[in-house]
Amino acid sequence: MAARADDQKRKEEFLKSQAPFTTNALKIIIQMVDWCNKTPGSKDLVDEMLHSILFLGKINPVSFSPKDIIPDPDMLNALKEKYSRAFDCYLTHLPRRSPFSFVLDMIVLQKKPENENQIKTSLQSLVQTLDPQFLVSTTLCVSKSNRSVSRYGVSMSTTGPNAGQVVIAASCLSFWDDYVAGAVMTYYPERGHEKDKGKKEYFDGTFQLPKDVACQAYNIQSEQPIDPCKSCGNMFGLSTDVKKEWPYGNCAEVESLSNMFTNEEEVKNRSKPTSEKWTPENRQKASESVLDKLNHVLKMVNFRTWKGGFYTAQ
Ligand SMILES: [Zn+2]
């Protein structure tokens, strides 16, 4: 009997530990809807963010339905009316990015890319109202070259290895710039364990970022600069003494550089991978291995309704 009571208690504790998912989700949704009303051209960001949150709620270890996330029926109905596709597609399509990336895009759209301090302050004030465990990024990265405006990115705002692996794979296959995705796919799916995550033998899409391009990450809460981790050093040639190797694709540097390459061809051209293994055939093989891993993780989290598409707002 005692053992059973312990089990019960553990179960309740676990359920309780997951509750901030819904409180954070609701706060973020309310904030984004409010910002959307004042920010022309931002409806698609709310649309894709909603889809991303609904999907992550579904695959969370304690699964949350749209009703769990948005308990007020009036609000739920209003959102369903305005963003019907997000509700129709969260069981069949994968999000291209994790939710906080859309929050970042909204803030950059409002504040303009040149106003780095305002962007940081706005991110920080939102993050301070949220539980750090769910749907929140910890780092922001700012990349710039001599000639360009700043390009931003945030770290993955997923919780636990499974959700992170799903969104990293989805971003590789559907959203990130092809050079950046290639660098991530050089290591993802990771073969090794904690100490040696293992580079692919047949494909190398890593590259050396030109020296005149700055790529600096910051802790969103404290605004302190953060040195690149070993993974980012390996992928982008960023010099670092840090030994920690975050999962490949997890860091803010990835999204920030992807944004930069998408918008600045000149910088991208100077960052071309140089390995002989960087061929279209090998890249294709690497991207198939990412898709295999993605299907495998989706099975593990019991998500069996994916039709192969990635969600985009229309
Ligand atoms: Zn990193």
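Good morning. I begin with a residue pair: Val142 has Gln216 in β4 as its bridge partner. Before I place that pair in its sheet, please note that the structure under discussion is a predicted model.

The strand that faces β4 here is β2, residues 139–144, and its other neighbour is β3. Between β2 and β4, the latter covering residues 214–219, there are six bridges, and the two strands run antiparallel. On the other side, β2 is joined to β3 by four bridges, again in the antiparallel sense. One position in that pairing is Cys141, which stands opposite Gly153 in β3. The connection between β2 and β3 is a hairpin, with six residues separating the strands.

How do the side chains of β3 distribute themselves? In a regular strand the side chains alternate between the two faces of the sheet. In β3, residues 151–154, Arg151 and Gly153 point one way, whereas Tyr152 and Val154 point the other way. Are these four residues buried or exposed? All of them are buried.

The sheet continues from β4 to β5. Strand β5 consists of residues 225–226 and pairs with β4 in the antiparallel sense, over two bridges. Within that pairing, Tyr218 is placed opposite Pro225. β4 and β5 also form a hairpin, with five residues between the strands, and in this hairpin Glu223 adopts a positive phi near 65°.

I turn now to the metal site. Which residues supply the protein donors of the zinc ion? They are Cys229, Cys232 and Cys251, each through its SG atom, at 2.2 to 2.3 Å from the zinc ion. Their spacing in sequence is C-x2-C-x18-C. Cys232 belongs to helix α11, residues 230–236, while Cys251 sits in the loop between α11 and α12; this pair therefore ties together parts that are 19 residues apart in sequence. Both of these cysteines are shielded from solvent by the criterion used here, which is a relative accessible area under 20%. Cys232 has a relative accessibility of 0%, so it counts as buried. Cys251, with a relative accessible area of 11%, is buried as well.

Two valines deserve a word. Val254 lies in helix α12, and because its relative accessibility is 0%, Val254 counts as buried. Its C-alpha atom is separated by 15 Å from that of Pro273, which is 19 residues away along the chain. Val184, in helix α10, residues 178–185, also has 0% relative accessibility and so counts as buried. What separates the C-alpha atoms of Val184 and Met235? The distance is 6.9 Å, although the two residues are 51 residues apart along the chain.

Next, the empty spaces. The largest pocket has a volume of about 640 Å³. Its lining comprises 31 residues, and those nearest its centre are Ser155, Met156, Trp246, Pro247 and Asn250. Which helix gives the largest share of that lining? It is α9, with five residues. Helix α9, residues 160–174, and helix α12 each supply at least two residues of the lining. By class, the lining of this pocket has 16 nonpolar, 10 polar and five charged residues.

Apart from the pocket, a search of the whole structure finds one cavity of 30 Å³ or more. The volume of the largest cavity is about 70 Å³. It is lined by 13 residues, of which Ser101, Val154, Met156, Trp176 and Glu255 are closest to its centre. Val154 was mentioned earlier as one of the buried residues of β3, and Met156 was named among the residues nearest the centre of the largest pocket. The lining of the largest cavity divides into five nonpolar, six polar and two charged residues.

Finally, the chain as a whole. How many helices and strands does the chain contain? There are 14 helices and six strands. The C-alpha trace spans about 60 × 50 × 35 Å along its principal axes. A compact globule of 314 residues would have a radius of gyration near 20 Å, and the chain, at 20 Å, agrees with that value. Of the 314 residues, 52% are buried. Thank you.

Notes. Residues are numbered from 1 along each chain as its sequence is written. This is a predicted model: local features need pLDDT of at least 70, side-chain atom pairs count only at pLDDT 80 or more; totals for chains, interfaces and linings use all residues. Side-chain values use heavy atoms; hydrogens and water are left out. Buried means under 20% relative accessible area, exposed over 50%, partly exposed in between (1.4 Å probe, protein chains only). Two strands pair if DSSP finds at least two bridges between them. Donors are N, O and S atoms within 2.8 Å of the metal (3.2 Å for Na, K and Ca); water is not among the atoms, so sites may look incomplete. On a 1 Å grid over the protein atoms alone, a cavity is a set of points where a 1.4 Å probe fits but cannot get out, and a pocket is an open set with protein on both sides within 12 Å along at least five of seven lines; lining residues have an atom within 4 Å of a point. Grid points are joined across faces, edges and corners, and a volume is the space filled by probe spheres set on the points. Ala, Val, Leu, Ile, Met, Phe, Trp, Tyr, Cys and Pro count as nonpolar, Asp, Glu, Lys and Arg as charged, and the others, Gly among them, as polar. The radius of gyration is taken over C-alpha atoms; the globule rule is 2.2 Å times the number of residues to the power 0.38.
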